[in-house]
Amino acid sequence: MNVLIVEDEKSMALEMEFFLKKAGYLCDLAFTGKQARQMMSDHPFDFLLLDLGLPDQDGLEVLKDAKKNCPETSYIILTARGDLEDRIKGLDLGADDYLPKPFSLLELQSRMQAITRRKSGLNDSVVPLGDFMVDLNKRTVLFNGEEIELSRREFDLLSYLMLHKNRPLTRAQLSDHVWGDFSEDDYDSNFIDVHIKNIRKKMMAYASVEWLQTVRGTGYKIKI
Amino acid sequence: MKLLSKITLYTTLSKTVIVLLFILLLPGIVKDVTSQYTNYILKEQKKKVLDNIQKKGIDYYFEGDSSYGSYTLLKEEFIALETVRDHSPADSIFTDSRIVENDTLTYRLLDYTFEYKNKNYLLEIGKTVSAIDQYNRPLQKVALYTLAGLIFFTLILDLMFTRLLLRPLNLIITSKILNRKFPFKETILPVKTSTTDFKFLDQSLIDLASKIKETFEKEKEFTSNASHELMTPISILQNKMENVMMDQELTEMSREKVVGMLSILNRLKKIVRSLLLISRIENDQYVKTDEIKPYFLVEEVLNELKDRIELRKIRIVQSLSQYIVLTHLNRDLIFQLIYNLINNAIRYNHDEGEIEITDQIINNESYVIHIKDTGVGIRAHELETIFDRFKKAVNESGEGYGLGLSIVKSIAQYHDIRITVQSEYGKGSTFSIHFPKLLTFAGT
């Protein structure tokens with residue numbers, strides 16, 4: 001999948017590129033609105049990650065035109081402005097998602113994956129996890145066809161860890177994903193521990209959950 | 001007491017005192033005046049007699065006799081002239097009794113001895129004291145009535161004038177202080193007055209209000225700008241750290257350090273976000289046009305917090321009326337307000353504690369939601385500061401209440417909602433949200 005990162009803050013764009021490349025995306029960078037328009041007319045992208053605060057033009061204008069020319073592309077707005085109005089305008093103009101800065105790259109990838117899944121239909125939404133099968137669209141965990149009941153947040157945690165498998169995630173990263181704007185650092189980290197404990201307990205009744213590992217001093221990871 | 005009432009009271013009292021003093025002193029004064037006047041009359045008469053003697057000789061009176069006496073019909077005045085042998089000089093005015101035709105009467109008397117053609121004479125002129133006194137009473141009455149009338153007149157005049165004088169002060173107080181609300185957004189014209197003190201006071205208040213407004217605006221702008229400007233570097237830092245974390249070669253120690261850095265950055269992010277939210281609220285960036293059924297909003301919040309409630313085994317009792325509708329609110333903000341309060345009620349509760357959410361309509365006027373927990377409670381001296389930004393009340397586990405309650409306060413102020421807290425340390429707290437009348441009506 002190829003991604004165009006439109007971001008005037010160079011070091012920010014480079015970090016995004018570094019991360020997304022490792023996650024298997026092909027990335028191009030544009031630092032101005034003009035550059036972005038040029039590159040989009042050269043060849044189509046699957047994703048456009050768009051910063052609204054560009055030096056030469058309003059990101060919303062870029063979005064409006066891009067949406068007209070490349071309706072197939074998925075658009076995610078990234079902004080430090082964070083005004084509610086921008087959010088509503090952006091989504092009205094057809095953006096697929098909206099991430100206020102500062103955001104986590106893990107969260108960005110998760111949103112991109114969700115958009116891809118939504119657009120590609122139900123085909124590849126069932127993923128194996130150890131002896132279990134996880135249906136990301138129906139949000140269920142199955143063992144030999146039998147459904148294991150996880151709460152909404154437990155499933156959120158599990159799928160987030162799966163998306164970033166083999167990488168240790170901190171409790172703060174996990175709680176940020178699960179609680180979003182409402183998360184509070186230390187307090188929520190405790191809840192993450194309790195949630196993980198519950199996930200293990202519920203799934204261990206069926207099969208081994210050795211893949212769900214505690215990383216000392218950091219948090220948790222799924223190792224496959 | 002109002003200045004006008006004080007001045008009214010003072011003027012009335014002081015004038016009353018003057019009248020009383022005058023009543024007290026009046027008899028003495030009148031007596032003194034009449035007695036001096038009598039003395040003057042007596043002396044004038046003496047002069048006349050001596051004048052006559054000088055011009056016409058002593059026989060003008062004596063007519064050959066050796067003494068002369070004359071008195072008025074009611075014996076109120078008399079003149080007596082006689083020769084005396086020894087010449088003991090006398091020239092005095094005094095009060096004594098005299099017998100005139102068998103009547104003993106008290107007189108004011110003038111005695112005067114003089115020599116005329118080698119003979120000594122004594123002149124005595126008298127006027128009865130009762131005749132003098134009879135003028136006293138009417139004189140006193142007239143004086144008293146005149147004074148009382150004048151005092152009453154000036155009193156009315158004084159009060160009217162003070163009222164007129166103080167009117168600008170009243171205007172200043174109502175227009176500049178009572179009817180104004182922080183942060184003094186509307187501009188107000190100066191009060192018209194010719195009194196320089198009031199002009200000064202008025203201008204000072206106007207200046208003060210505009211200074212407060214200006215400072216407030218600056219602070220808001222700064223918070224908003226600073227937050228925006230901080231978000232970008234925080235964003236870059238966070239992404240860099242996340243990328244470092246991905247490095248497989250990283251030693252366990254280094255990774256733990258990066259985790260620590262991320263968590264500190266996270267804290268910074270939360271603070272900046274909260275400040276940004278507060279400054280946005282204070283900048284009127286949210287529209288207040290939503291209608292809310294509190295019952296369903298609270299249900300939504302509880303659903304959002306379900307995990308935490310279950311994990312802490314907290315019992316929730318929700319008995320809100322389903323038929324109350326609140327209007328002119330911003331739904332997202334009210335959601336956050338209630339979320340923060342219920343979240344705190346869970347956070348500072350004991351495991352297996354209880355949270356009771358009840359409502360109440362007070363005097364058919366305001367609608368109140370009470371959120372009562374059985375948690376750690378708040379110490380009395382901390383109650384006043386828990387809503388202040390950065391003033392952190394610390395509970396037993398050393399955690400602060402942070403900016404959550406500051407956000408609650410900002411949202412409440414923005415909607416004219418009053419928040420009150422009752423708490424007993426160690427037993428729990430009750431936060432009450434008072435929605436003003438304007439916002440509530442019972443629907444179906």
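How many bridges join β10(A) to strand β12 of chain A, and do these strands run parallel or antiparallel? Two bridges join β10(A) to β12(A), residues 219-222, and the two strands run antiparallel. The structure is a predicted model, in which local features need pLDDT of at least 70, side-chain atom pairs count only at pLDDT 80 or more, and totals for chains, interfaces and linings use all residues. Residues are numbered from 1 along each chain as its sequence is written, while chains are lettered from A and ligands numbered from 1 in the order in which they are written.

The pairing of β10(A) and β12(A) belongs to an open sheet of three strands in chain A, with the order β10-β12-β11 and antiparallel pairing. Here two strands are taken to pair if DSSP finds at least two bridges between them. Helices (H or I, at least four residues) and strands (E, at least two) are DSSP runs, numbered from the N terminus. The edge strands of the sheet are β10 (169-170) and β11 (212-215) of chain A, each of which pairs on one side only. Within the sheet, Thr170(A) stands opposite Gly219(A) of β12(A). Strands of a sheet pair through backbone hydrogen bonds, either parallel or antiparallel.

Chain A contains eight helices and twelve strands. Of its 224 residues, 37% count as buried, a residue being buried if 20 or more other C-beta atoms lie within 10 Å of its own, exposed if 12 or fewer, and partly exposed in between, with C-beta atoms placed from the backbone. Two residues are in contact if their C-beta atoms, placed from the backbone, lie within 7 Å. Of the contacts in chain A with a separation of 6 or more, 55% are between residues 24 or more positions apart. The mean pLDDT of chain A (pLDDT is the predictor's confidence in each residue, from 0 to 100) is 88, and 93% of the residues of the chain reach 70 or more. Among the elements of chain A, strand β2 (residues 26-30) has the highest mean pLDDT, 95, and helix α4 (residues 84-92) the lowest, 77. Where pLDDT is low, the predicted coordinates should not be read in detail.

Two backbone features were noted in loops of chain A. A cis peptide bond, with omega about -5°, joins Lys101(A) and Pro102(A); Pro102(A) lies in the loop between β5 (97-100) and α5 (105-120) of chain A. Arg139(A), although not a glycine, has a positive phi of about 60°. Arg139(A) is placed in the loop between β7 (132-135) and β8 (140-143) of chain A, and counts as partly exposed because it has 14 C-beta neighbours inside 10 Å.

The nonpolar cores were examined next. A nonpolar core is a set of buried Ala, Val, Leu, Ile, Met, Phe, Trp, Tyr and Cys residues joined through C-beta atoms within 7 Å. The largest has 53 residues, of which Leu4(A), Leu48(A), Leu49(A) and Leu50(A) touch the most other members. When neighbours within four places in sequence are left aside, Leu50(A) is in contact with Val6(A), Gly59(A), Val62(A), Leu63(A), Tyr75(A), Ile77(A) and Leu78(A). Apart from the largest core lies another, of 43 residues, which includes Ile278(B), Ile357(B), Val376(B) and Leu405(B).

Chain B has ten helices and 13 strands, and 23% of its 444 residues count as buried. Of the contacts in chain B between residues at least 6 apart in sequence, 66% join residues at least 24 apart. Helix α6(B), of 31 residues, reaches 45 Å from its first C-alpha to its last, close to the 45 Å expected at 1.5 Å a residue; the expected span is 1.5 Å times one less than the number of residues. After α6(B) comes Asp284(B), with a positive phi near 60°. Lys313(B), a residue other than glycine, also has a positive phi, near 55°. Lys313(B) lies in the loop between α8 and β7 (315-318) of chain B and counts as exposed because it has 11 C-beta neighbours inside 10 Å. Strands β11 (residues 418-424) and β12 (residues 428-435) of chain B run antiparallel and are joined by seven bridges, with Ser432(B) as the bridge partner of Thr420(B). Three residues lie between the strands of this hairpin, in which Gly426(B) takes a positive phi near 90°.

Between the chains, 28 residues of chain B are in contact with 27 residues of chain A. On the chain B side, α5 (196-246), α6 (252-282), α8 (306-311) and α9 (331-347) each supply at least two residues. The largest share of that side, twelve residues, comes from α5(B).
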